[in-house]
Structures are given as C-alpha cells and as structure tokens.
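User: I'm new to reading protein structures. Could you walk me through a few features, one at a time?

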Amino acid sequence: MMKMETDKIMDESTTNNSSSPQFTTSILYDPARKKEPSQSFQTERDACLSYFTKWNESDQVDFVEQLLSRMCHYQHGHINAYLKPMLQRDFITLLPTKGLDHVAENILSYLDAKSLCRAERVCKEWSRVISEGMLWKKLIERNVRTDSLWRGLAERKGWIKYLFIPRPGVTHRPHKFYRELFPKIMKDIEAIENNWRTGNHNLQRINCRSENSKGVYCLQYDDDKIVSGLRDNTIKIWDRNSLQCCKILTGHTGSVLCLQYDDKVIISGSSDSTVRVWDVNTGDMVNTLIHHCEAVLHLRFNNGMMVTCSKDRSIAVWDMTSPTEIALRRVLVGHRAAVNVVDFDEKYIVSASGDRTIKVWNTSTCEFVRTLNGHKRGIACLQYRDRLVVSGSSDNSIRLWDIECGTCLRILEGHEELVRCIRFDSKRIVSGAYDGKIKVWDLQAALDIRAQTNTLCLKTLVEHTGRVFRLQFDEFQIVSSSHDDTILIWDFLNCSQKEESATPQALVQVGRSPSPDLT
C-alpha cells in the first residue's frame, strides 16, 4: 500500500530548550501541496486509464471497488469530498431545461407551508417554478379538501370561489393573491383557536316564545337552518340568517324529545311514544311509527338503518327502505331502566341507561357484546366514534371509554349537576348540564394520561338561565338549547377581535417577505 506523506514539525520550545522532551506533530497530506508526479507514475497512470476506458461499466465499478478497498481512511475522506459536488444535482432547476416543468412543480407540491416558504428562497428558478405552478393555491386547495376547518373558513370567508375549477364568471387570481392569502388564513385559524381557549365569542339568541310549556329539548343545525324540538309538542325550524321561525311542524301530542334530519326527512321522537317522519322540504308528516309503549328518548339514523330507545327500557332497530317504508328489524332488551341515549356505526350500537351502564351491541347481528360499568348514577348522554365513547351522567361526571376493551380512560369532573348533553370532535369535548353551564374540554389532553386533571377544562360558558338540554358544535360555533326556552349560538369566528392579528398591511408584508415561521 502506498505510504501517506507527512511533514514532521518540531515544537519551537523544544528547539530552544534542549533539555525538554521533544514532541512531534504529524500533519496529514495536503493535496494542494503535493509534489509533481514522476514520469513513471504518469506513464503507469495513463496505461491504467487506457485499460479502464476499454472495460464495460460493470468491470469499471468492480475495479474502482477493488481500488477503494486498498485505500486508507484519509484517502476515503478525500475521495468523498471529491465526489460530493459531482453527486449533487439541482433537479428542480434542471428539469425545466428538459421541458419537464410539470415534474418540478409536482415534486414541490408535496411540501408543507414552512418548507414551501424556504424553497421559494433557494434561488430565482425555484421561486419561478413555485409561482408559475401556482403551488400556494394548490397547497390551500389540499388543505380545504382534507381539513373541515379550512373548508368551513373557505366557505364562510368567500375565498373558496377562487379555488378549484372556478364558477362561470369567476377567474383565478394571480399567484401573489394566494401567497398573501395563506398567512391570512393561518391568522384566522389562530384567532379561532384562541377564541375557543379564552371563551371569546359573539352570542346570538333565539327566544322560542312557547305559549304553554317552555323548553327546547333537542336541536340540529346546518348553514341554512336550525331544527328544534320543543316541550310544547312542536318542531320549529329557524332561518340561520334572520333567526326567525320559518316553519312549525305539528302532530306530536307530547314533548318532542329527540330529532335528526338529513336532506330528505326529519325524524322525531316524543313523549307521546311515537316516532314521526316529516318531509324536510315541505314539513308534511309522511309516516308515524308506533312501537314503544313509553316516551321515545333518543334516536339515530344513517345508511338505511335507524335505532330508537325509550323509557320502556328497550332499544328498537329499524330498516329504512324509504320514508314511508320503515320496518322493525329487532328489539334489544337488557337495560334495567330507561334507555336515555343511543349511537351507532357499522360495527357497534351503543346505548346508555338510567341503570348506570353502557351496553355495546353488534350492529349486524344485534347481539350483545359487553357492558361498560363505572358511572355511579344514571347516564343521560353519550357519543360514540371510532373506538371512543364519551358519556355524561347524573353523577355530574364525564367519562371517556375505549369501546373495544371496555376501559375507562379518563374521568372529567367540573359540572355541579347532571350532565345532560355531550359532543366531541378530534380536538374538543363540549358538555352541557343542568347547572346551566357549557364546558369546553381539551380532548387530546384528556386522552393523555400524563395531563393534569385541572388543565383539561378550557372554558366554562355561562349564558343560559336554565338547564342545558342539547347542544351541537363545529369548528366555529356551538348551538345550544335550554329549559329557559332559548337557543343560543356561540360564534367563535365572527366575534370582536383584537385587530392586530390580521391587518391588510401586515398580510402584504408577510406575502412580500416569506418567513419559514409562517405556520
């Protein structure tokens, strides 16, 4: 093996003091200081290169591998430094020169916002690819497709019309518009999240003005309407813009305790023991189901199936062919008190009762699966999704359960009376109780066993003057109803802001000077 050259340098102090011990320092070979190659080396090298060029690629690789295996560590480092720039390729810049702009755009389109910000500043060519490829627009569109918060913001703020395929008469904006829009969206999202944490909201109130019995037992809403079931035996439909009652459905002879609607029907259950089906557009009653012998306390329907439960301690499973063709499939019996609430998906039916238990049933076979025990008093409400069940009880607590193993994952305490209604999404649990309070809880923290109990309740909202009977919420609002005969809309989007968060001038500046801290 070729011996590596070194220079030996004596320490100056050793030359001045001959009595001191002498140390030597080795300096590694510096290729910049190498000597002129000898004539014999040049001849042998040229001969090797001549042979090398005659070999096929496989033989050439084999030869280089053999050569590398005979080198020392330092030589490997030198070879590595030599190869590094040769192996680097700015493919984003090179692809357009080959007519492959679309490939460069497609590669960069997978970047998140922070990475796209940094990519813009690599060089002018990368910035051009991002701009001409409208990659900020594509990033916004991707988020709108996959995130309900983005989707809702796009619809409420009106910029969805500039995304995807524009409507007739609407044209796409230039790249700069989307580049400046993105940080504005992020500021809106941050403001919404902060409003949820601090309880900052705009409150709208609907006074139902029931003539006799007062109280709103159930509700459901969308962007156009709120459908409510009242203690005065009626279903009232409210216009979301004017907050005026636009339709009243009559037919029940008892309080309307539960309801659900889709784009075709409203289905309601009442203390008159009946389930009634209404045309959602005309308000006409199209079917009446008489099965339960006491009040129908809750119902859910989806994909041609409906489940109802009753004070008579039973659960009824129905097959829905059409609004007028609904047939009883199975009656589930097992609870020892009124069944207050049901929920289901394609795998399980989940029911909760005044007997303090939650029971799980197989959706396909209707066979009993397991019981969840833990609440100390009757259970008034629950929601089930994926593996998670969240329940509220007259023991004033909320419990989180893993449905597959029946384990209680967390107990939330804070309400002072019966927890009457509960809903959750991927971020939050929102509960309403007979103490008149609505509480917002951090779901992800509640599922983390390390989280302290006193950090789980984010905010308590107090506006109702009576028991809270029902609520529903999304990323932007809570809609709740109460014994006080009101429906309240808690708006966390369109509320008074500390305006420093989203001034037009600030947005322009962010757009002009992309920051990796954008998100």
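Analyst: Sure, let's go through one strand and then a patch on the surface. Keep in mind that this is a predicted model.

User: How many residues of strand β30 are buried?

Analyst: Buried means under 20% relative accessible area. In β30, which covers residues 486-491, 6 of its 6 residues are buried.

User: Which residues lie on each side of β30?

Analyst: On one side you have Thr-486, Leu-488 and Trp-490, and on the other Ile-487, Ile-489 and Asp-491. They're all buried, so both faces of the strand are covered.

User: Which strands does β30 pair with, and in what sense?

Analyst: To call two strands paired, we look for at least two bridges between them. Strand β3 (residues 202-207) pairs with β30 in the antiparallel sense over 6 bridges. Here Arg-205 has Leu-488 of β30 as its bridge partner. Strand β29 (residues 477-482) also runs antiparallel to β30, joined by 5 bridges. There, Val-479 is matched with Ile-489.

User: What links β29 and β30?

Analyst: These two strands form a hairpin, with 3 residues between them. In that turn, Asp-485 has a positive phi of about 70°.

User: Okay, now the surface. Which residues form the nonpolar patch?

Analyst: That's Tyr-82, Leu-83, Met-86 and Leu-87, with about 450 Å² of accessible area together. Met-86 sits in helix α4, residues 73-87.

User: Why does Met-86 count as partly exposed?

Analyst: Partly exposed runs between the 20% and 50% cut-offs. Met-86 gets that label because its relative accessible area is 44%.

Terms used: Residues numbered from 1 in each chain as written. Predicted model: local features only at pLDDT ≥ 70, side-chain atom pairs only at ≥ 80, totals over all residues. Heavy atoms only, no water. Patch = residues over 30% accessible without salt bridge, like charges linked within 9 Å, V, L, I, M, F, W, Y side chains within 5 Å. Areas by Shrake-Rupley, 256 points an atom, 1.4 Å probe, with all protein chains shown as cover. Salt bridge = Lys/Arg side-chain N within 4 Å of Asp/Glu carboxyl O. Helix = DSSP H or I, 4+ residues; strand = E, 2+ residues; numbered from the N terminus. Buried < 20%, exposed > 50% of the residue type's maximum accessible area, 1.4 Å probe, protein only.
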